[in-house]
Amino acid sequence: MPRYARVAPPLPVEGLFSYLVPEALLDRVVPGVRVTVPFGRQKLQAMCVAVDDAPPPEGITPKPISALLEDEPLIDEEVLQLAGWVAKHTGCTWGEALDAALPRAVKIGNPGRRVRHARLAIDAHAVPGVVKQLLEKHEKQARALRILADRGGDLPVRELMSLAHVSDSPLKSLVKLGFLEFASVRVEHDPMLRMPVARTEPLQLTPDQASVTGAMIDAFEAGGSETFVLQGVTGSGKTEVYLQLLRHVIDAGRQGIVLVPEIALTPQTVKRFRERFEQVAVLHSHLTDAERADQWRRIRRGEAQVVVGARSAVFAPVPRLGCIVVDEEHETTFKQQNVPRYHAREVAVERARLAAARVDGADGRGAVVVLGTATPSLEATHRARTGLYTRLLLPERVAGGVLPDVHVVDLTVEERRKGYTFLSDPLRAAIEDALGRGGQVILFLNRRGWASVLMCPTCRGSLKCPSCEVSMTLHQRAVRVICHYCGHEEPPPERCATCDKPFTALSFGTEKVEDEVRRSFPRALVARMDSDTMSGRGAHASVLDRFAERKVDLLIGTQMIAKGLDFPNTLLVGVICADSALFLPDYRAAERTYQLLAQVVGRTGRGPKGGRVVVQAYDPRHYSVTCGMRQDQEAFAARELAEREAAGYPPFGRLVRVIAQAPEAPDAVKRLTELTDLLRGDAAEGALVGGAGPIDGVTVLGPAPAPIPRINKQYRFHAVCKCHDDAGVEHVLARLAGKTGPARRARVLLDVDPVTML
Ligand code: ADP
Ligand code: ZN
């Protein structure tokens with residue numbers, strides 16, 4: 001009897017496609033292997049998701065599979081089903097979700113232990129001249145060359161491409177021109193994995209830790225899947241709880257996955273897991289393809305007891321999953337910002353459900369999810385309140401230590417008194433005091449560069465990116481103005497092109513704070529940590545090591561420094577502008593402001609000398625600021641949940657955002673209007689393919705220009721579907737199925753449960 005493989009191509013085409021399995025491959029084409037198949041006029045690689053002998057529909061003659069790409073399935077039924085779930089819930093196809101679940105390195109096979117580097121082929125002194133010449137016509141080449149020179153003249157090609165926001169074609173042109181050369185470089189070993197570590201023994205748990213760990217272990221033993229929200233301030237011993245839960249899970253013959261935000265995936269984090277377990281696999285963005293493929297295979301063979309990784313590690317092919325930890329659950333980096341637009345927290349919960357339901361894992365045990373954070377997202381908070389998740393508290397720091405003494409500075413008052421400032425007198429005094437007592441200082445500002453606005457004093461116009469409706473940020477060190485959305489950069493203009501008046505630099509970033517601090521405290525050792533200074537592999541670790549060794553007195557940084565640091569000698573944390581993100585047109589602005597502040601405040605007060613926090617803000621009475629300063633999660637959640645409920649925003653109901661982008665605004669509006677008409681059910685008769693009439697419990701807002709109306713030469717319009725419940729979301733996705741993607745000069749994207757509305 002002929003056998004048919006159901007295949008999911010990694011493309012935005014609906015449905016599965018059937019192919020005949022050739023005799024020779026009969027036993028080897030199984031779910032989870034990839035095959036090459038003819039598809040239209042091309043051949044493509046696609047995942048086989050099922051094999052059966054159900055005859056194809058009348059009149060269709062399936063073509064045979066051309067080739068089999070691997071001997072063993074890359075993933076098992078659990079991850080296959082998980083990808084199907086992701087597709088259904090994010091509005092993409094199964095094939096697209098599967099494609100994202102597999103690392104590139106695994107898909108292309110092991111490329112060997114070499115990576116391509118770009119190296120400067122001219123003298124570093126010659127670079128500025130060449131850059132100047134290129135800038136006229138070849139901006140991308142100029143940018144790539146300058147960035148390469150800035151970083152020492154030697155970078156992996158992939159890293160240079162991402163830093164410069166370019167494809168490899170400008171780099172190839174630079175090679176042709178003789179400014180650059182490519183070199184194949186032997187890969188050094190991943191520092192996170194080779195660093196020798198000493199084993200540590202489990203600590204004697206505090207009564208609070210013992211009780212929450214006990215509850216999780218009981219749930220694991222009882223079977224089924226339960227999700228816990230582990231709410232505990234930084235230093236309350238959450239990581240020790242994860243470690244002991246994982247130990248139990250591993251001893252029961254299962255494996256665990258630990259998801260951390262990319263910025264928290266530092267050698268320090270990984271070290272704590274490696275100190276406790278023999279076999280830790282790490283998946284992070286600085287791995288080379290070969291390293292990643294190695295890790296993946298080890299995990300697939302069941303050799304890794306624990307997988308630590310960023311969001312995509314939720315798809316790691318561990319054979320017998322027993323627990324998933326999502327550390328810093330509230331972080332928005334758990335949401336992927338391109339197809340499939342999944343949230344790792346949601347996928348983790350579904351994966352645990354699938355793992356617990358597996359028959360081949362039938363030891364009666366289940367799989368548990370732990371969402372750990374000091375500042376649970378409102379989604380997690382709400383689900384704990386309604387009984388869907390179980391909340392567990394770690395109310396105190398293990399080491400005791402007192403909550404820091406927090407002092408607020410009203411920047412509006414300061415400015416009235418002495419003009420525009422970002423180092424107020426109280427903050428200066430506190431820095432002086434902390435340094436004088438031999439302590440260290442962390443200054444936090446979530447904005448990089450020198451000044452984020454260059455304004456003309458006459459026409460009041462600001463310098464905008466030519467491709468985006470966004471002000472360009474002045475980077476003094478690089479002598480550039482840079483667009484933080486598309487990466488466009490150019491030399492800073494002296495004067496306004498229209499009025500010929502010199503620009504005034506408004507608003508300040510980490511670069512300017514660094515400069516001011518160096519001038520005010522000339523004897524202090526100062527370091528800055530943001531994505532401008534932290535690009536190279538290991539750069540992050542080395543600044544932190546220097547801070548730990550007290551070779552740095554004062555560390556200035558963006559949200560990179562807001563978490564994971566545990567330095568008892570930090571006597572002062574200064575928050576330069578706590579509410580800089582509060583006024584963004586985004587319903588999550590208050591939540592983000594609160595969380596960031598509460599996290600930063602938690603950086604001090606750990607050692608015997610206690611700690612202080614100075615918070616500067618323009619609206620210091622806003623509840624996100626007052627609650628953040630006190631790390632008062634209950635008060636914040638109560639207030640913000642009430643606001644969200646009144647406005648019908650998540651976690652009360654859900655959102656589906658539909659974004660249309662096009663080089664010409666009318667094309668975007670036209671496509672989006674067709675879709676909103678369809679969703680409202682008032683499209684012309686003929687267009688009603690997906691169903692007529694309005695959808696119950698769904699309100700469609702828009703089309704309207706997106707808050708950032710143009711990025712990368714694309715005009716952006718959006719519509720927002722407010723859905724009363726999950727069924728509403730499903731209906732919206734069903735009506736839009738097959739109607740998104742690129743068509744008629746515009747591209748339509750779907751974002752279910754968006755974490756940003758900009
Ligand atoms: P969190 O993950 O909540 O920030 P950690 O697990 O990192 O907290 O714990 C904070 C500090 O307290 C760490 O230095 C850790 O080694 C220590 N610690 C945690 N639990 C215990 C315990 N039961 N006994 C002694 N020290 C502990
Ligand atoms: Zn731009």
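Visitor: What lies 2.9 Å from an oxygen atom of ligand 1?

Guide: A backbone N or O atom of K238 lies at that distance from the ligand oxygen. Keep in mind that this is a predicted model.

Visitor: What makes the approach of G235 to ligand 1 a polar contact?

Guide: The cut-off is a pair of N or O atoms within 3.5 Å. A backbone N or O atom of G235 is 2.7 Å from an oxygen atom of ligand 1, so the pair meets the definition. T239 also has such a pair, but with a polar side-chain atom, 2.6 Å from a ligand oxygen.

Visitor: How much of ligand 1 does the protein bury?

Guide: Taken alone, ligand 1 exposes 560 Å², and the protein buries 72% of that area.

Visitor: Which residues surround ligand 1?

Guide: The shell holds 16 residues, and the closest are Q204, Q209, G235, T239 and R272. By type, the shell divides into four nonpolar, eight polar and four charged residues. Helix 10, residues 238-251, gives the most to this shell, with three residues.

Visitor: H248 also lies in helix 10. Why is H248 called partly exposed?

Guide: Buried means under 20% relative accessible area and exposed means over 50%. H248 has 25% relative accessibility, so it falls in between and counts as partly exposed. As for its surroundings, the C-alpha atoms of H248 and I217 are 7.4 Å apart, although 31 residues separate the two along the chain.

Visitor: Turning to the metal, which atoms are the protein donors of the zinc ion, ligand 2?

Guide: They are the SG atoms of C465, C468, C483 and C486, at 2.2 to 2.4 Å from the zinc ion. The cut-off for this metal is 2.8 Å, so these sulfur atoms count as donors. Along the chain the donors follow the spacing C-x2-C-x14-C-x2-C.

Visitor: What do C468 and C483 tie together?

Guide: C468 lies in the loop between strand 18 (453-455) and strand 19 (473-475), while C483 lies in the loop between strand 20 (480-482) and strand 21 (489-490). The pair therefore ties together parts that are 15 residues apart in sequence.

Visitor: Why is the zinc arrangement called tetrahedral?

Guide: Four donors count as tetrahedral if all angles lie between 85 and 135 degrees. The four donor atoms around the zinc ion subtend angles of 105 to 112°, so the arrangement is tetrahedral. The ideal angle for four tetrahedral donors is 109.5 degrees.

Visitor: Are C468 and C483 buried or exposed?

Guide: Buried means under 20% relative accessible area. C468 has 1% and C483 has 2%, so both count as buried.

Notes: Residues numbered from 1 in each chain as written. Chains lettered and ligands numbered in written order. Predicted model: local features only at pLDDT ≥ 70, side-chain atom pairs only at ≥ 80, totals over all residues. Heavy atoms only, no water. Donors = N, O, S within 2.8 Å, 3.2 Å for Na, K, Ca; no water. Tetrahedral: all angles 85-135°; square planar, octahedral: opposite > 155°, others 65-115°. Helix = DSSP H or I, 4+ residues; strand = E, 2+ residues; numbered from the N terminus. Buried < 20%, exposed > 50% of the residue type's maximum accessible area, 1.4 Å probe, protein only. Near = heavy atom within 4 Å. Polar contact = N/O pair within 3.5 Å; in protein donor to acceptor, adjacent residues only side chain to side chain. Areas by Shrake-Rupley, 256 points an atom, 1.4 Å probe, with all protein chains shown as cover. Nonpolar A, V, L, I, M, F, W, Y, C, P; charged D, E, K, R; others polar.
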